[in-house]
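Trainee: Got a minute to go through this one with me?
Mentor: Sure, put it up.

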Amino acid sequence: MSSKRYILNKKRKNILTRNFIGNTPIRRCDYLSSIYNTNIFIKEEFHNPGMSSKDRPALFMIEDAIRKGKIKPGGTFVEASSGNTGYGLAMIAKEMGYAAKIFVSKSCSLEKIEMLKSVGAKVEICDNSNGLHDFYSTQFKAQSYAANNLNSYFTNQYYNSSNIKAHYRTTAPEIWEQMKGKVTHFIAGIGTGGTISGVGRFFKEKNRNIKIWGVEPVGSVLSHFLSHRTLPEEYITIEPIEGIGRTFIPGALDINYVDKIFQIGLLDSKSAAQEYKNITGFLVGFSSAAIIGTLKKHINDLAFRPTDYVVLLFPDHGSRYLSKLYSKNCIANEKSKIIC
Ligand code: PMP
């Protein structure tokens, strides 16, 4: 090996992608702070190497599986994902000498599918992500793939305690330190529930009065479950905001640490993304737009005070949703109805 090549390889030990997961910045958002007359901060998770918060659980789940001997070197990590966990898993797996097989639902953006393929993941598109009881769901197919293929392991983020642990051990303490313990509200979208449960638990242990609020799309069942402890008698179709919303209660959601879950529609989220981009020049991700839309829609329930410190978690970036949120084909008319 030439000496130049050797130096590169030696250095590479220090530049392992997985060593750069976490420690993302938090910034005060002057625009939202001025609208709501309070202090609003954004935890910018798109600074992770895989450009989403889901790198954190991906790393925890992979390390846990390897530590417990669930998979041997060269094996395949299998997951059902709206794209972000899948990308984190595939990126880390590749670096560690494993493969990845990711089942996504047909609502997954083209950008995310291309990203998954670019890190070597095998991608399969399924009808829905309705959970393990539905034969056509991403979760069912991922589970059966892992059961039928040697040396493959289903990380099962919806029921894997490493998902919550990743946020309890990394995301939450980071925010706490960055805010110097000055947090009155934490708001995050809910998909598997890992983020809100891990961060919620950490914050409630620090101070029971910190409000932990979730965001889900219209049609999702989690807010109903939080209020009634039952599933709704009638289901309506979930408005497809990528990464959030469920037809079942994931094991990774611990509602003991969630105070309230707000619902937001697809069109309100899309118009929030466009408005935010027009004013700040920044492209927010789909579920981040749902959080911004929630602030606007539910303004009367928020009751923020000027002395509050509100942290919003933005899991990823708008570049993942150009075709769905920002392309010229997405036309907003004055009633904020967006045709896409
Ligand atoms: N937003 C996006 C874009 C996501 O990919 C996810 C993960 N599905 C979430 C929000 C929700 O995070 P969690 O799974 O931790 O509830």
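Mentor: We can take the domains, then the sheet, then the ligand; keep in mind that this is a predicted model.

Trainee: Fine. Which stretches make up domain 1 and domain 2?
Mentor: Domain 1 takes 17–48 + 166–339, and domain 2 covers 55–154. Their centres, taken over C-alpha atoms, are separated by 24 Å.

Trainee: How many residues of each domain are in contact?
Mentor: 23 residues of domain 1 touch 18 residues of domain 2. On the domain 1 side, α7 (161–178) and α13 (322–326) each give at least two residues. The largest share there, 4 residues, is from α7.

Trainee: And how does that side of domain 1 divide by residue type?
Mentor: Into 11 polar, 7 nonpolar and 5 charged residues.

Trainee: Now the sheet. What is the strand order?
Mentor: β1-β2-β10-β7-β8-β9, an open sheet of 6 strands with mixed pairing. β1 (26–28) and β9 (260–264) are the edge strands. On average, neighbouring strands are turned by 25° against each other, direction ignored.

Trainee: How many bridges join β8 to β9?
Mentor: There are 5, and the two strands run parallel. One pair is Glu216 with Gln263 in β9.

Trainee: Which strands does α8 touch?
Mentor: Helix α8 (residues 194–206) packs on the sheet against β7 (185–189), β8 and β10 (309–314). The direction of α8 makes about 170° with that of β7.

Trainee: Last thing, the ligand. Which residues come nearest?
Mentor: Gly191, Thr192, Thr195, Gly243 and Ser287, out of 18 residues around the ligand. That shell divides into 12 polar, 3 nonpolar and 3 charged residues.

Methods
Residues numbered from 1 in each chain as written. Predicted model: local features only at pLDDT ≥ 70, side-chain atom pairs only at ≥ 80, totals over all residues. Domains from an automatic or database assignment. Contact = placed C-beta atoms within 7 Å. Nonpolar A, V, L, I, M, F, W, Y, C, P; charged D, E, K, R; others polar. Near = placed C-beta within 6 Å. Pairing = 2+ DSSP bridges. Axes fitted to C-alpha atoms, helices over the stretch in contact; angles between N-to-C directions.
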